[in-house]
Amino acid sequence: MVKVFAPGVVKLFGEHAVVYGKPAIATTIDRGVFIECEKSDRLIIESIGTPSTLVYLPEEGRLEALGAERFFAYVNTALKIARERWGKLKARFSIKSELPPSIGAATSAAVSVGILKAYSLCANVEVSKEELAKLGHQVELNVQGIASPMDTTAVAIGGVLKIWAHPFRVEKLDVSLPQFYIVVLPRRGTTGEIVADVKALLDRRRSAQSVINAIGEVVEEAEGCLRRGDLNCVGELMILNNWLLGALGVVDNRVMTLLDLLKTFVYGGKISGAGRGGVVLILPKDETVVEKILSATGYTYFKVSISKTGVVAI
Ligand SMILES: Nc1ncnc2c1ncn2[C@@H]1O[C@H](COP(=O)(O)OP(=O)(O)OP(=O)(O)O)[C@@H](O)[C@H]1O
Ligand SMILES: C[C@@](O)(CCO)CC(=O)[O-]
């Protein structure tokens, strides 16, 4: 049996501005998606613990999972691309995610790249990280119509990466961070809708471009702070990046309330990804107090570390 771990991804700096030519800094984390593949007499995919509404049709003795086909779109497309590339495979795939979907932690990229990796191993084909990144991006493009290569590249390569989307370039940064938290807020809107709203703002108001430029400068300065391991600087620039994202309309009161609640006990924090809820990164100074506050106030959160590797066979 083949077993693969595909990490989730968070953006330390530069989301949204990356769409307009600025670099972003993303990192893989030690929570993600586990995928098993075992040869079988037919193709079966099971995804454990996924949300779906079950409808029972007693007259037909049949059970339907509402929305499940759409949910499996990334899996289906990854399997189709893998089959075209590496030939037909009859196998049982089992998917188990440690992260909720649709919060901005790149579960779609982890599932896409993870299925491709598991399929290739099960079919005894060797595939480079670069090819996995390219095919993973193809899966996201096919399903979403529009997608930056940031998440799929990060899942395939792993570690802390400086990424330019247009033209595409990636640089691995040899930096580390202590453990941090990802707090999960219900997200209002999809990544596509939020990216479209930011584009509309930039089309409407010429001065909004200066916010994008400022985010680009924050990313460059943050790279220096990360390389020096200067957490005060990293945290302060996270807050600055978050205010700039607020100016683009993607940070709401729930995020500001959370950051305000924790401010004495953290270096900094910011949304990660498209925003309007979803993942909020918290870089703690005092882990014990931060955890006490998060638990007492009922937030959903995960303590995570940077993962230095991308998708791996385990
Ligand atoms: N365990 C899983 N099994 C199968 N498909 C999954 C699983 N987890 C996530 N997905 C797919 O990924 C989709 C979530 O992707 P979406 O792009 O909305 O969010 P995300 O990747 O978590 O965040 P973002 O792209 O904003 O970083 C789900 O709707 C589903 O199609
Ligand atoms: C908001 C954005 O920058 C990150 C979403 O995770 C969009 C993208 O890069 O495609």
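These legends describe close-up views of one predicted model.

Residues are numbered from 1 along each chain as its sequence is written, with chains lettered from A and ligands numbered from 1 in the order in which they are written. In this predicted model, local features need pLDDT of at least 70, side-chain atom pairs count only at pLDDT 80 or more, and totals for chains, interfaces and linings use all residues, while side-chain values use heavy atoms, leaving out hydrogens and water.

**View 1. Two domains in contact.**
The domain assignment splits the chain into domain 1 (2–174 + 309–313) and domain 2 (180–304). Such bounds come from an automatic or database domain assignment. The domain centres, taken over C-alpha atoms, are 24 Å apart. Domain 1 brings 27 residues to the contact, and domain 2 brings 37 residues. Contact means heavy atoms within 4.5 Å.

**View 2. An open sheet of 4 strands.**
Helices (H or I, at least four residues) and strands (E, at least two) are DSSP runs, numbered from the N terminus. Here 4 strands make an open sheet in the order 10-11-9-12, with antiparallel pairing. Two strands pair if DSSP finds at least two bridges between them. Strand 10 (266–271) and strand 12 (300–304) are the edges. Each has a single partner strand, so one side of each has no neighbour in the sheet. From one strand to the next, the twist averages 20°. Helix 9 (residues 253–262) packs on the sheet and touches strand 9 (180–185), strand 10 and strand 11. The direction of helix 9 makes about 15° with that of strand 11. For such angles, axes are lines fitted to C-alpha atoms, for helices over the stretch in contact, and angles run from 0 to 180 degrees between N-to-C directions.

**View 3. The hairpin of strand 10 and strand 11.**
Strand 10 and strand 11 (residues 278–284) run antiparallel, joined by 5 bridges. Ile 271 stands opposite Val 280. Gly 269 has Ile 282 as its bridge partner. The hairpin has 6 residues between its strands. In the turn, Gly 273 has a positive phi of about 100°. Arg 276 lies in the loop between the two strands. Its phi is also positive, about 55°, although Arg 276 is not a glycine. Arg 276 counts as partly exposed, at 22% relative accessibility. Buried means under 20% relative accessible area, exposed over 50%, and partly exposed in between (1.4 Å probe, protein chains only). In strand 10, 5 of the 6 residues are buried, so this strand is largely enclosed by the rest of the structure.

**View 4. Helix 8 and its surroundings.**
Helix 8 (residues 231–247) has 17 residues. At 1.5 Å a residue, it should span 24 Å. Its end C-alpha atoms are 24 Å apart, which agrees. The expected span is 1.5 Å times one less than the number of residues. Buried residues in helix 8 include Leu 231, Val 234, Leu 237, Met 238 and Leu 245. Their cover includes strand 1 (2–13), helix 7 (209–228), helix 9, strand 10 and strand 11. At the start of helix 8, a side-chain oxygen of Asp 230 comes within 3.3 Å of the backbone nitrogen of Asn 232. Just after the helix, Gly 249 has a positive phi of about 90°.

**View 5. Asp 252 in its loop.**
Asp 252 sits in the loop between helix 8 and helix 9. At 15% relative accessibility, Asp 252 counts as buried. A polar contact of 2.7 Å joins its side chain to that of Arg 254. A polar contact is a pair of N or O atoms within 3.5 Å; within protein, one must be able to donate a hydrogen and the other to accept it, and residues adjacent in sequence count only if both atoms are side-chain atoms. Not counting residues up to four places away in sequence, Asp 252 touches Arg 188, Arg 276 and Gly 277.

**View 6. Backbone angles at two loops.**
Most residues other than glycine have a negative phi, and most peptide bonds are trans. Ala 106 has a positive phi, near 65°. Ala 106 lies in the loop between strand 6 (91–97) and helix 3 (107–122), and is buried, with a relative accessible area of 7%. A cis peptide bond joins His 166 and Pro 167, with omega about -10°. Pro 167 is in the loop between strand 7 (160–165) and strand 8 (168–173).
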